[in-house]
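Welcome! Please take a moment to look over the chain below, and then we will walk through some of its features together.

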Amino acid sequence: MRESYTRHNGTKTTTSFFMFALLICLNSFFLWNTDAQVNLEPIAAPDGSKYTFERISVEGVDFLALAASSDFEDFAGYTKSDDGEKNVAFTLIDGVFKKYDFPGAKNTYFFALGNNGIAAGHYEDSGGLFHGVILENGEWQEYDFPNSVQTEIYGYSDSTGALTGNFTDESGVRRGFSGETIVEFPGALETYADFVSGLGNIVGSYVDTEGEYHAYLRGPGGSFATLDTPEVPNQEYFYLHGINDSLVAVGRAKSEDGVPLTFVGNPVALQGFGVPGAVSTEGWNINQDSSVVGHYDSADGRRHGFIARPLQPTAVRPPPDLNYTFESIDVPGVEFLAVTASSDFGDYAGNFRRAVDGKDVGFTLIKGEFKDYDFPDSQGTYFYALGNDGTAAGHYAR
């Protein structure tokens, strides 16, 4: 969906989430399909395939754009309205298929589904702008990221309840967000955020100054790593949609004159992935067991949901057991001590603010002895590395 409306160009805000709840009568805005029968049909995979494939189909539905799943094999996405005039969201939970049309929307889409049954995505208003929506316990909530004119939700965290997606401000700049955190790749024209894993890794893509797409991983501490993007000639877009706690990722790409493609695997070495016999495959979600969920188009023009299960499921690595003891490192008379480096022997280095003139200067604290270092004619001196041999390194400001 997103490729049709992401030709926009992306200040850090920590304003709290503002939820505008629209409490509505279920029968007024839910499009029920009580006669629908859900089927999971095996798809023959070629020899050597690492996956088994199943088609997820609903009787009487020719367009099923499956875009999200829970770890319990419930699904969500979007389909066509009863009159075929617009896109409406759907959930497929415990085998029950339901359509959802946000009040007054031109189109409604779900792109995230929690293990608790919460579905999220966005709707298109009459002016063509997108606004986040959440469906919880049968009630709609509308969500626009603070100071945005457009908000798209693509991820929901089971562990924290945080929403992940993108927003566009009044100047037309697009940035990602996860919870209250703004995600902006340094120097990028646009930043897309798609998902945050249970370990706190945010994945997505960004557009550089040349208009090229790149994948990234943002660690829990805020550091970015650029990931290799698969070679796609004349690439129109690349989106890294998901990653699990075993660091298995799924992404989508498309060339300007081609069909949508899917890539799965370690995020630094993604491999091509496709449903056997499909005209195009769009993988949207990766579960904790590394099963891939999405939709594909068949030669007869129909769109089907699918789930691909790995023959050798990846063992989920549990989050580390973080148990620590804490000690303060203090130097008498020093109120500002920035420790930035250490050796394996409990020696330290960094910078501190000198009381006499307020200048930042380097320091070492080796075998309990504190020494300060001020590079000649500098405006500030900083250490960021310390070897076991006592060698300190860093830089100075002119």
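## Before we start

Helices (H or I, at least four residues) and strands (E, at least two) are DSSP runs, numbered from the N terminus. Two strands pair if DSSP finds at least two bridges between them.

This is a predicted model, in which local features need pLDDT of at least 70, side-chain atom pairs count only at pLDDT 80 or more, and totals for chains, interfaces and linings use all residues. Residues are numbered from 1 along each chain as its sequence is written, and side-chain values use heavy atoms, with hydrogens and water left out.

## The chain as a whole

How many helices and strands does the chain have? There is one helix, alongside 33 strands.

Of the 398 residues, 51% count as buried. Here buried means under 20% relative accessible area, exposed means over 50%, and partly exposed lies in between (1.4 Å probe, protein chains only). The chain exposes about 19100 Å², and 49% of that comes from carbon and sulfur atoms. These areas come from the Shrake-Rupley method with a 1.4 Å probe; for residues, only the protein chains shown count as cover.

## Two hairpins that share a strand

Let us begin with β28 (residues 337–342) and β29 (residues 348–353), an antiparallel pair with five bridges. One of the matches across this pair is V339 with G350 in β29. Five residues lie between the two strands of this hairpin, and G346 takes a positive phi near 75°.

Strand β29 also runs antiparallel to β30 (residues 360–366), joined to it by six bridges. Here F352 stands opposite V361 of β30. This hairpin has six residues between its strands, and G358 has a positive phi near 70°.

As background, side chains in a regular strand alternate between the two faces of the sheet.

## An open sheet of four strands

Elsewhere, four strands line up in the order β13-β14-β15-β16 to make an open sheet with antiparallel pairing. Strands β13 (150–156) and β16 (181–183) are at the edges with a single partner strand each, so one side of each has no neighbour in the sheet. On average, neighbouring strands here are turned by 25° against each other, direction ignored. For such angles, axes are lines fitted to C-alpha atoms (for helices over the stretch in contact), and angles run from 0 to 180 degrees between N-to-C directions.

The edge strand β16 is joined to β15 (residues 174–178) by three bridges in the antiparallel sense. Within this pairing, F177 has I182 of β16 as its bridge partner.

## Rings and charges

The whole structure holds 33 aromatic pairs. Rings of Phe, Tyr and Trp (its six-membered ring) pair if their centres lie within 6.5 Å; planes under 30 degrees apart count as stacked, over 60 as edge-to-face and the rest as tilted. Y296 and F306 form a tilted pair, at 6.5 Å centre to centre and 55° between the planes. Y296 belongs to β26 (residues 292–297) and F306 to β27 (residues 303–310), 10 residues apart. Y296 is buried with a relative accessible area of 5%, and F306 is buried at 0%. Ring pairs also gather F63, Y78, Y109, F111, Y154 and W284 into a cluster.

Which charged end sits over the ring of F63? That of K80 does, 5.0 Å from the ring centre. Likewise, the charged end of R353 sits over the ring of F336, 4.2 Å from its centre. A charge counts as sitting over a ring if NZ of Lys or CZ of Arg is within 6 Å of the ring centre and within 35 degrees of the ring normal.
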